[in-house]
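Trainee: Could you take me closely through the salt bridges of this model, with attention to where the partners sit and how exposed they are?

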Amino acid sequence: MGRPDLNRRQLLATLGGLTVAGSFGFAALGTGADALASGADTRVRYWNLFSGGDGSNMIAMLDAFRAANPGIDVKDSTLQWGNPFYTKLAMAAAGNRAPDLGVMHLGRVTGFSPGRLLDPWDVELLAKYGVRQADFNPGLWNRGVIDGKLYALPLDVHVQLCFYRKDVLRKAGLLGADGRIVPVTSVDEWFDVLKEAKKATKKGLQTIGLWINDQNFQWWFFVAFYTQLGGTWFNAARTEVTFDTDKAVQVLQFLRRHVTDGYAVPSLASVNAEQFINGAPFAWEGNWSLPVYSGAELDYGATPLPPVFGEQATHAESHSFVLPHQSDRGGATNEAAHRLAAYVVTHAQQWAAGGHIPAYTPTLSTPAYKKLNPQSEYVSAMDHQATEPKVWFAGSTGILAQRIGPVVVSSTLRSAEPDTVARRMKRELTTLLAMKNPMDGRTAAQGGTAA
């Protein structure tokens, strides 16, 4: 496979100048030359971006792996979430100083120049350690496949959810006999629910937290509801924008109505969690908020975003394991990296405690998982994921969200009209489609995104 054509100096210049180098601390990249743990004969250097509850759960899973595999020394490093992580990982791969194993949001894989900055997984080696394609949702598995090779091994699906206070909804008559929120299948039904919930809400609290000032959340919500409408982004060849502005206007008007009708309050957007804990009936949040609400001992539930436009779809991203490019990848260390990733993926009950849906589907049918609440209530989201298009500029904190997220916010906050915003979104998509990926100098049409 050889080393990538893109060297570290070129990459730094592309990502914002050579001054970036000092801010990301290249001394921390290391070479893994320090002593092996006692009794180990193989080391796996593993970079991840997990902090908080996710970080604690990952540490517990790594400790379990170490206990079961004393011959493998796992040297794990947690780096800053978001673009700083991806920049550092790219520079390490370009400079042939990459870790043996890394974590990446699945939506970012296409843009990470698979074959140049990422090495493909050996699916036969994964199978040796219990990981087979048949044990994954087909759509999820195929998101990690580029030009016929697996470059990303899914660990989970993390989705946007409708958290709801059962105590408030019970008072409003909005709980069914099963103790869950009444079904919602249209825009009118949803706003009827909000109207009744508002009547049962304590004064001083908003009805629903929507992160209306946040470009990422607003973009994620847009993706979910645009997908419900059957909206598309590009043609199969990635040469033409197929974005439907009429459908986009419907979604933008829907999001905006929460503000115009007084259910979501702009001044409270930064305290959604506090509002929900204090009694607000609804909060739209990622499933990673579950430990916060469970820790507050609330009487609550969580379900995928309501299918107000008919088709069930809720925004989804995934953490996945990747193999950062190494010119000499192979041997015992590479096999140990496969073994570690397979172990974590197939022992994801601990990971589910943080709210994520395990990607390894046999986990979902275990009695232990079925007892998890409210995880078992929203596990169906695995089968109706609304994801960003499979192009190099998409994915968590990617260029697509950075360009279009603020535009969606401007509509929700009523500083721009939905029809104007929809046309601007299409223009931005057209511009991005013609742009070249700084990782390899290719446009989306030239990038090879076959699944």
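Mentor: Let us start within a single helix of this predicted model: Glu-196 and Lys-199 both belong to helix H8 (residues 187–199), where they stand three residues apart, about one turn of the helix. Their side chains meet in a salt bridge, with an N to O distance of 3.2 Å. Glu-196 counts as partly exposed because its relative accessibility is 30%, whereas Lys-199, at 60% relative accessibility, counts as exposed because the cut-off for that class is over 50%.

A second pair joins two helices, for the side chains of Glu-428 and Arg-403 also meet in a salt bridge, at 3.4 Å from N to O. This pair links distant parts of the chain, Glu-428 lying in helix H18 (residues 418–434) and Arg-403 in helix H17 (residues 399–412), 25 residues apart. With a relative accessible area of 15%, Glu-428 is buried, because buried means under 20%, while Arg-403 is partly exposed at 31%.

A third pair is formed by Arg-329 and Asp-119, whose closest N and O atoms are 2.9 Å apart. Here too distant parts of the chain are linked, since Arg-329 is in the loop between strand E13 (319–324) and helix H13 (331–346) and Asp-119 is in strand E4 (residues 118–119), 210 residues apart. Both Arg-329 and Asp-119 are buried.

Beyond these pairs, Asp-63, Arg-66 and Asp-76 are linked in a network of salt bridges, and the structure holds 14 salt bridges.

Note on methods. Residues numbered from 1 in each chain as written. Predicted model: local features only at pLDDT ≥ 70, side-chain atom pairs only at ≥ 80, totals over all residues. Heavy atoms only, no water. Salt bridge = Lys/Arg side-chain N within 4 Å of Asp/Glu carboxyl O. Helix = DSSP H or I, 4+ residues; strand = E, 2+ residues; numbered from the N terminus. Buried < 20%, exposed > 50% of the residue type's maximum accessible area, 1.4 Å probe, protein only.
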